Amino acid sequence: MATDEPPTKKKKTVDSVSPSLLIDEKKRLLVENKFLVKMPEDFYQFWTFLHELNSEDPNNILTPFDLSLGGPYDVLLGKSSGNDDDYLLHHRFYYDMPEFQTVLLKTVHLKIQCS
């Protein structure tokens, strides 16, 4: 049976498009070269998810949770350092194991109370 209804277009979602295709290849290579590691696919899936929620400032989505993007996400956000050596220490902390990469930071709110 033929119908007169036009076929509906399938909306592209994160599931239907590989997140790594949504990330500029140049930026992906920059992340890999600066941090000396190939980031897993879920790193780019999380970026795509945040970018779909707020394309102008994906980092702003995490503000209500007192979190911000850090490390390799700074490269995707366009925040860059002039010195290549800074990237290996970027958002690293004293007790961080070398196998780990910081990607989320807790926002610290300092409250000074005088009595």
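Which strand does Leu69 lie in? Some notes on that and on the rest of the fold, bearing in mind that this is a predicted model.

1. **Leu69 and its surroundings.** The answer is β1, the strand that covers residues 67-69. Leu69 counts as buried, since its relative accessibility is 2% and the cut-off for buried is under 20%. If you click on the residue and look around, leaving out anything up to four places away in sequence, the neighbours it touches include Phe46, Trp47 and Leu50. Those positions fall within helix α3, which spans residues 41-53. Leu69 also touches Asn59, Leu62, Asp74 and Leu77, and, further along the chain, Val103, Leu104 and Leu105. Asn59 is worth a look in its own right: ten residues separate it from Leu69 along the chain, and the two C-alpha atoms sit 5.9 Å apart.

2. **Overall layout.** Zooming out, the protein has five helices and two strands. Reading from the N terminus, the order is α-α-α-β-α-α-β. Of the 115 residues, 26% are buried. Among contacts with a separation of 6 or more, 56% join residues 24 or more positions apart. The protein exposes about 9300 Å², and carbon and sulfur atoms supply 56% of that area.

3. **Helix α3.** This one has 13 residues, and the distance from its first C-alpha to its last is 19 Å, close to the 18 Å expected at 1.5 Å a residue. Its buried residues are Phe43, Tyr44, Trp47, Thr48 and Leu50. They lie on the same side of α3, because the arc they cover around the axis is only 165 degrees. Two of them, Trp47 and Leu50, have already come up as contacts of Leu69.

4. **His51, also in α3.** His51 belongs to helix α3 as well, but it is not on the buried list: it counts as partly exposed, because its relative accessibility is 35% and partly exposed runs between the 20% and 50% cut-offs. Ile61 is ten residues away from His51 in sequence, and the C-alpha to C-alpha distance between them is 9.1 Å.

5. **Helix α2 and the salt bridge.** The structure holds one salt bridge. The partners are Glu25 and Arg28, whose side chains meet at 3.1 Å, N to O. Both lie in helix α2, three residues apart, or about one turn of the helix. As a reminder, an α-helix has 3.6 residues a turn, so residues three or four places apart point the same way. The two ends of the pair differ in burial: Glu25 is partly exposed at 45% relative accessible area, whereas Arg28 is buried at 13%. Arg28 has company in α2 (residues 25-35), where Val31, Glu32, Lys34 and Phe35 are buried too.

6. **Leu36, just after α2.** Leu36 follows α2 and lies in the loop between α2 and α3. Its phi is positive, about 55 degrees, although it is not a glycine. For background, most residues other than glycine have a negative phi. Leu36 counts as exposed, because its relative accessibility is 64% and exposed means over 50%.

7. **A nonpolar patch.** Leu36 turns up again on the surface, where it forms a nonpolar patch with Leu88 and Leu89; together they have about 340 Å² of accessible area. Leu89 is part of helix α5, residues 86-89, and is exposed, with a relative accessible area of 64%.

8. **Asp66, another positive phi.** Here too phi is near 55 degrees, in a residue other than glycine. Asp66 is placed in the loop between α3 and β1, and it is partly exposed, with a relative accessible area of 25%.

9. **His91.** This histidine is in the loop between α5 and β2, the latter being residues 104-106. It counts as partly exposed at 25% relative accessibility. Setting aside residues up to four places away in sequence, His91 touches Gly70, Gly71, Asp74, Asp96, Thr102 and Leu105. Asp74 and Leu105 are also among the residues that Leu69 touches. Pro72 is 19 residues from His91 in sequence, with 9.4 Å between their C-alpha atoms.

Notes:
Residues are numbered from 1 along each chain as its sequence is written. This is a predicted model: local features need pLDDT of at least 70, side-chain atom pairs count only at pLDDT 80 or more; totals for chains, interfaces and linings use all residues. Side-chain values use heavy atoms; hydrogens and water are left out. Helices (H or I, at least four residues) and strands (E, at least two) are DSSP runs, numbered from the N terminus. Buried means under 20% relative accessible area, exposed over 50%, partly exposed in between (1.4 Å probe, protein chains only). Contact means heavy atoms within 4.5 Å. Accessible areas come from the Shrake-Rupley method with a 1.4 Å probe; for residues, only the protein chains shown count as cover. Patches are made of residues with over 30% relative accessible area and no salt bridge: like charges are joined within 9 Å, nonpolar side chains (Val, Leu, Ile, Met, Phe, Trp, Tyr) within 5 Å. A salt bridge is a side-chain nitrogen of Lys or Arg within 4 Å of a carboxyl oxygen of Asp or Glu. The expected span of a helix is 1.5 Å times one less than its number of residues. The arc is that of the directions from the helix axis to the C-beta atoms.
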